Amino acid sequence: CLYSPPARNLGPRPLRGRRTLPTSRPRCRSGQVLFNTCVCASVYMLDATFSDLEPLPQDDGPVPVVRIAYPDGFEEVMSYFRRVVVTGECSQRTLQLSAEVIAHNAANYTAWQYRRRCLEAMHSGSSNAAREQAWREELAFCTARGRENLKNYQVWFHRRSCLARLGSGPEAELEFVAEILRDDSKNYHAWGHRQWVLSSCGGWDGEAAFVEGLLEEDARNNSAWNQRYFLLQHTADLSSLSVAEGEVDFAARYIAAAPGNPSPWNYLRGVVEPLGYSAVPRVRLLCEGLLAGDAASGAGRVAAMSLLVDVLDEGGDPAEQE
C-alpha cells in the first residue's frame, strides 16, 4: 500500500518574537541611521519601530505546495514592508526599512523604487542643498550595495536615478566604472552604465584611450571592441571613407598580432559593411596578404577566407568568384 505521511499544518507561519535593539548604529552626516553594512532585521526591534502597524504576511494560498525556507528575519522585514507599501507611508523609518529589505535581497526592485519614492516625498519642500545632500548619501548607499552586487540590474538602475537627480559631471562616475572594469573587464552592467554616463553627461574625449588600453591588455575583449564602435557612432561619421580606412588599419594591427582572434575581424566587418567592401580596397588586400603568407593558420585563414569570399561576392565578378 502507499504510505500516507501525517498531515502537517502548512498555514502562515507566525512572525518571530521581538528583537533587541543595538545600543548604537552607524549614521551619516544628516543623522540617518545606515543599515547598508549588514542585515539588521535579526538585531533590532521591528515591533517597536512599527508598533502602530499590523504586519502583512505573504499570502501563499490556503495550501502551499512548496514553502520557501526564508532566512532568519526575512519574513518579519517583508511583512512590515508590504504593509508600508500598502499604506504609502514615506518617512525616515520606511526608508530604513527598505534598506533592510535590500540587505536581505538586493534584487528587490520594489524596495529600490520605494527608496526613490521616500526621498522624493521627504525632500519635496527641502532646500536645494538639503535635497542634494540626501541624494549624495543615497548614492553612497547605492555604491556600498553595488560593490556587493556588481551584476544586479536594480542597483545600477538606482545609481542612474541618483546621478540624474544630482546632475554631476562624468569624471567621477567614469572612474568608478573603470575601477569595476579593472576587476571584470567584461561586466555587461558596468559597460551599459558607462554608455549611459557618456550619453547623458559627456566625457567622450578620453574614451578612445580608455578602450584601447583595455584592448592592449586583452585583444579578445568583445565588450571593449563594442565600446569602440559605440564611441564612433557618437563621435565620428561612419559613412566617411577616411574613418572606415582608419578603423580598418586599427583592426589590422590586432589581426596581424593574432589572426585567429575573431573580435577584430567582426569589428572590421561592422565598420566597412555599411559603405561596401568595394569602397575600402584595403580590406581585400588585408585578406589576400594573410592568405599568401604563413602568418595565418587555422582559424586565422578561415577568417580571412570567409571575409574575402564576402568581398568578392559583393563585387559580382564571376571570374574573381571562381
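**Questions on a predicted model**

Visitor: Is Y254, with a relative accessible area of 7%, buried or exposed?
Guide: This is a predicted model, in which local features need pLDDT of at least 70 and side-chain atom pairs count only at pLDDT 80 or more, while totals for chains, interfaces and linings use all residues. Residues are numbered from 1 along each chain as its sequence is written, and side-chain values use heavy atoms, leaving out hydrogens and water. The terms rest on relative accessible area: buried is under 20%, exposed over 50%, and partly exposed in between, with a 1.4 Å probe and protein chains only. At 7%, Y254 is therefore buried.

Visitor: Which residue forms an aromatic pair with Y254?
Guide: The whole structure holds 13 aromatic pairs, a pair being two rings of Phe, Tyr or Trp (its six-membered ring) with centres within 6.5 Å, stacked when the planes are under 30 degrees apart, edge-to-face over 60 and tilted otherwise. In one of them Y254 takes part in a tilted arrangement, 5.2 Å centre to centre with 55 degrees between the planes. Its partner lies four residues away in helix α11 (residues 241-257), so about one helical turn separates the two. That partner, buried at 6% relative accessibility, is F250.

Visitor: Which helix gives the largest share of the largest nonpolar core?
Guide: A nonpolar core is a set of buried Ala, Val, Leu, Ile, Met, Phe, Trp, Tyr and Cys residues joined through side-chain atoms within 4.5 Å. The largest one has 41 residues, and those with the most contacts inside it include F210, W265 and L307. At least two residues come from each of several helices, including α7 (171-183), α10 (222-235) and α14 (299-315). The largest share, eight residues, is supplied by α11.

Visitor: How many residues does the second, separate core have?
Guide: Among the members of this core are L53, I102, L119 and F141. The ring of F141 also has the charged end of R115 over it, 4.0 Å from its centre; a charge sits over a ring if NZ of Lys or CZ of Arg is within 6 Å of the ring centre and within 35 degrees of the ring normal. The size of the second core is 29 residues.

Visitor: Which residue meets R93 in a salt bridge at 2.9 Å?
Guide: A salt bridge is a side-chain nitrogen of Lys or Arg within 4 Å of a carboxyl oxygen of Asp or Glu, and the count by this rule is 20. R93 is buried at 19% relative accessibility, whereas its partner is exposed at 53%. At 2.9 Å, N to O, the residue that meets R93 is D52.

Visitor: How far apart in the chain are E216 and R253, whose side chains meet in a salt bridge?
Guide: The closest approach of this pair, N to O, is 3.5 Å. E216 is exposed at 52% relative accessibility, and R253 is partly exposed at 44%. E216 belongs to helix α9 and R253 to helix α11, so the bridge links distant parts of the chain, with a separation of 37 residues.

Visitor: Which residue just after α2 takes a positive phi?
Guide: Helix α2 (residues 74-87) has 14 residues and reaches 20 Å from first to last C-alpha, helices being DSSP runs of H or I of at least four residues, numbered from the N terminus. Its buried residues include F74, M78 and F81. Just after this helix, a phi of about 75 degrees is taken by G88.

How values were computed. The expected span of a helix is 1.5 Å times one less than its number of residues.
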